[in-house]
Amino acid sequence: MSFTARILLLGSGELGKEFAISAKRLGAYVIACDSYAGAPAMQVADAAETFPMLDGDRLREAIARHAPDFVVPEVEAIRTEILAEVEAEGTVVVPSARATQMTMNRDSIRELAAGTLGLRTSRYRFAESFEEAAEAAAYTGFPCVVKPVMSSSGKGQSTVETREGLHAAWDYAVAGMRGDRVRVIVEEFVRFDYEITLLTVRTREGILFCPPIGHRQERGDYQESWQPTPMSAAALAAAQEMARAVVDDLGGYGLFGVEFFVAGDEVIFSELSPRPHDTGMVTLISQNLSEFDLHARAILGLPIPALRLAHPAAASAVILADREAERFRYEGVADALALGSDGAEVDVRIFAKPVTRPFRRMGVGLATAPDADTARALARQVADRVRIVYE
Ligand SMILES: Nc1ncnc2c1ncn2[C@@H]1O[C@H](COP(=O)(O)OP(=O)(O)OP(=O)(O)O)[C@@H](O)[C@H]1O
Ligand SMILES: NCC(=O)N[C@@H]1O[C@H](COP(=O)([O-])[O-])[C@@H](O)[C@H]1O
Ligand SMILES: [Mg+2]
């Protein structure tokens with residue numbers, strides 16, 4: 001075999017594209033799968049498969065035909081029962097079939113974190129009807145946050161201020177949910193000071209943590225992230241301890257994005273991705289090894305040298321579309337890159353998704369600077385200079 005490993009990537013968005021590049025640099029053969037043709041990772045992979053990954057028969061068939069060494073999920077919407085089957089037959093599922101099963105639905109991971117592991121989370125209840133949602137909100141109090149148990153990037157998520165708003169939130173969650181299970185989580189609204197993603201790498205040699213990433217969200221979707229974000233030593237230690245408990249329970253090797261809310265010295269576990277995290281795209285410019293390089297090395301069992309921040313501070317800012325379109329082009333990339341200077345590097349990633357939708361993430365601006373505020377402002381400017389021109 002002329003490749004170091006065969007990797008079947010399930011999900012081919014921007015995170016998969018950067019992962020595929022990292023894995024290919026290490027000599028892997030990558031088969032990129034997603035539900036639509038021309039997805040970002042398919043553009044850089046060795047082969048592509050277009051099929052709905054929630055379709056168990058199609059998924060099993062693709063795995064059997066490609067006989068990968070590693071199955072690497074990149075999205076949550078996958079028929080995870082099939083992953084458990086192939087894992088039992090000897091294929092490595094990253095990080096583990098159980099991790100993908102537990103994180104696919106918010107209920108499983110929340111019950112593991114809050115119940116089994118006893119981690120501090122927001123107060124929550126699940127609901128399968130509007131009446132149950134009303135009871136759940138009476139338990140959490142207002143404001144509360146309503147989310148489908150199966151969704152990501154804020155889809156179907158809303159914050160409810162009063163009892164009157166609950167109907168709209170329930171309808172919005174049902175409309176925005178993925179899969180066929182009508183079930184939501186109603187969570188206490190946490191008045192946090194800031195929130196972080198703690199990139200946590202589980203390797204055969206032990207666990208590594210990247211410096212904490214701060215981020216800002218709108219509509220439940222990330223707008224900008226920066227690294228490092230200042231945290232008290234006590235808060236960071238608490239977050240690391242919780243992240244370790246969760247990833248050790250989920251098992252396997254790879255990088256996880258563990259999300260926390262921080263209020264004073266109190267650290268509240270929110271959720272996690274058993275894979276690179278969107279807010280972690282800042283590591284494309286901030287670290288000697290990006291979150292994608294780290295995922296690839298952890299999976300392939302390759303050594304990971306001491307992590308270094310290449311700059312004092314770095315940031316990412318999203319480039320969003322504002323409408324549905326199939327015909328559009330990008331302008332301003334040269335203007336964006338011209339913002340770089342000595343001591344403040346800039347870069348962009350344009351994902352080259354085939355169609356736009358309102359709020360669809362189409363790229364990111366990246367920047368470094370002597371401090372986080374300057375890096376954030378510069379990354380935003382870089383992103384703003386890239387214009388999507390609709391034809
Ligand atoms: N209980 C809460 N209290 C306050 N804010 C919240 C709460 N739950 C979610 N949020 C806000 O909404 C954001 C998105 O929530 P969450 O991470 O649960 O959604 P998601 O759909 O899984 O997003 P992603 O897939 O991008 O991680 C959080 O990062 C936070 O800013
Ligand atoms: N928060 C999860 C996340 O950021 N996932 C990333 O977004 C892609 C889907 O984008 P799309 O909805 O634009 O197709 C996924 O494939 C993954 O790369
Ligand atoms: Mg999240």
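**Exercise 1. Work out whether L289 is buried or exposed, and describe its surroundings.**

Step 1. Start by counting: L289 has 20 other C-beta atoms within 10 Å, so it is buried. The cut-off for that label is 20 or more. Keep in mind that this is a predicted model.

Step 2. Now place the residue. L289 sits in the loop between α9 (283–286) and α10 (291–300).

Step 3. Look for its contacts, skipping anything up to four places away in sequence. That leaves L294, I304 and L307 touching L289.

Step 4. Finish with a long-range check. From L289 to R183 you step across 106 residues in sequence, and the C-alpha atoms are 39 Å apart in space.

**Exercise 2. Find which domains the protein is divided into, and how far apart the centres of domain 1 and domain 2 are.**

Step 1. Mark off the pieces: domain 1 covers 5–93, domain 2 covers 123–188 and domain 3 covers 194–390.

Step 2. Take the centres over C-alpha atoms. Those of domain 1 and domain 2 are separated by 31 Å.

Step 3. Compare with the record. An unreviewed UniProt entry lists residues 111–300 as "domain: ATP-grasp".

Step 4. Check the make-up of that stretch. Over residues 111–300 you'll find 32% helix and 33% strand, with 31 Å between the end C-alpha atoms.

**Exercise 3. Describe the shell around ligand 1: which residues come nearest, and which elements and domains supply it?**

Step 1. Ligand 1 has 21 residues around it, and the nearest are S152, E187, V190, Q217 and G220.

Step 2. Trace them back to secondary structure. Two or more residues of this shell come from each of β7 (144–148), β9 (184–188), β13 (221–227) and β15 (266–273).

Step 3. Sort by chemistry: four are nonpolar, nine polar and eight charged.

Step 4. Go up to the domain level. Domain 2 and domain 3 each give at least three residues to the shell around ligand 1.

**Exercise 4. Do the same for ligand 2: how many residues surround it, and where do they come from?**

Step 1. Count 13 residues around ligand 2, with G11, G13, L15, S153 and D278 the closest.

Step 2. Ask which element gives the largest share. That's helix α1 (residues 14–25), with three residues.

Step 3. Sort the shell around ligand 2 by chemistry, and you get two nonpolar, five polar and six charged residues.

Step 4. Domain 1 and domain 3 each supply at least three residues to this shell.

**Exercise 5. Take the UniProt "binding site" positions and describe where E14 and E74 sit.**

Step 1. Pull up the list. The unreviewed entry gives E14, L15, E74, D278, K353, R360 and R361.

Step 2. Locate E14 first: E14 is in helix α1. With 23 other C-beta atoms within 10 Å, E14 is buried.

Step 3. List what E14 touches beyond four places in sequence: P40, R349, F351 and R361.

Step 4. Move on to E74, which lies in the loop between β4 (70–73) and α3 (80–88). E74 has 26 C-beta neighbours inside 10 Å, so E74 counts as buried too.

Step 5. Check the contacts of E74, again leaving out residues up to four places away. Among them are G11, G13, L15 and R275.

**Exercise 6. Show how the buried residues of helices α6 and α7 are arranged around each axis.**

Step 1. In α6 (residues 130–140), the buried residues are A133, A136, A137 and T140. Seen down the axis, they fall within an arc of 100°, so they line one face of the helix.

Step 2. Recall the rule behind this: an α-helix has 3.6 residues a turn, so residues three or four places apart point the same way.

Step 3. Look at the other face of α6, turned away from the buried side. There you'll find the exposed residues E131 and Y139.

Step 4. Turn to α7 (166–176). Its buried residues are L166, A169, W170 and A173. They cover an arc of only 100° around the axis, which puts them on the same side of α7. The face turned away from that side carries exposed A168 and A175.

Step 5. Ask what covers each buried side. For α6, the cover includes β6 (124–127), β7, β8 (158–160), α7 and β9. For α7, the cover includes α6, β7, β8 and β9.

Step 6. Close with the end of α6. The helix is followed by G141, whose phi is positive, near 85°.

Conventions: Residues numbered from 1 in each chain as written. Chains lettered and ligands numbered in written order. Predicted model: local features only at pLDDT ≥ 70, side-chain atom pairs only at ≥ 80, totals over all residues. Near = placed C-beta within 6 Å. Helix = DSSP H or I, 4+ residues; strand = E, 2+ residues; numbered from the N terminus. Nonpolar A, V, L, I, M, F, W, Y, C, P; charged D, E, K, R; others polar. Domains from an automatic or database assignment. Buried ≥ 20, exposed ≤ 12 C-beta atoms within 10 Å, placed from the backbone. Arc of directions from axis to C-beta. Contact = placed C-beta atoms within 7 Å. UniProt positions renumbered as here; feature names shortened; annotations may be inferred.
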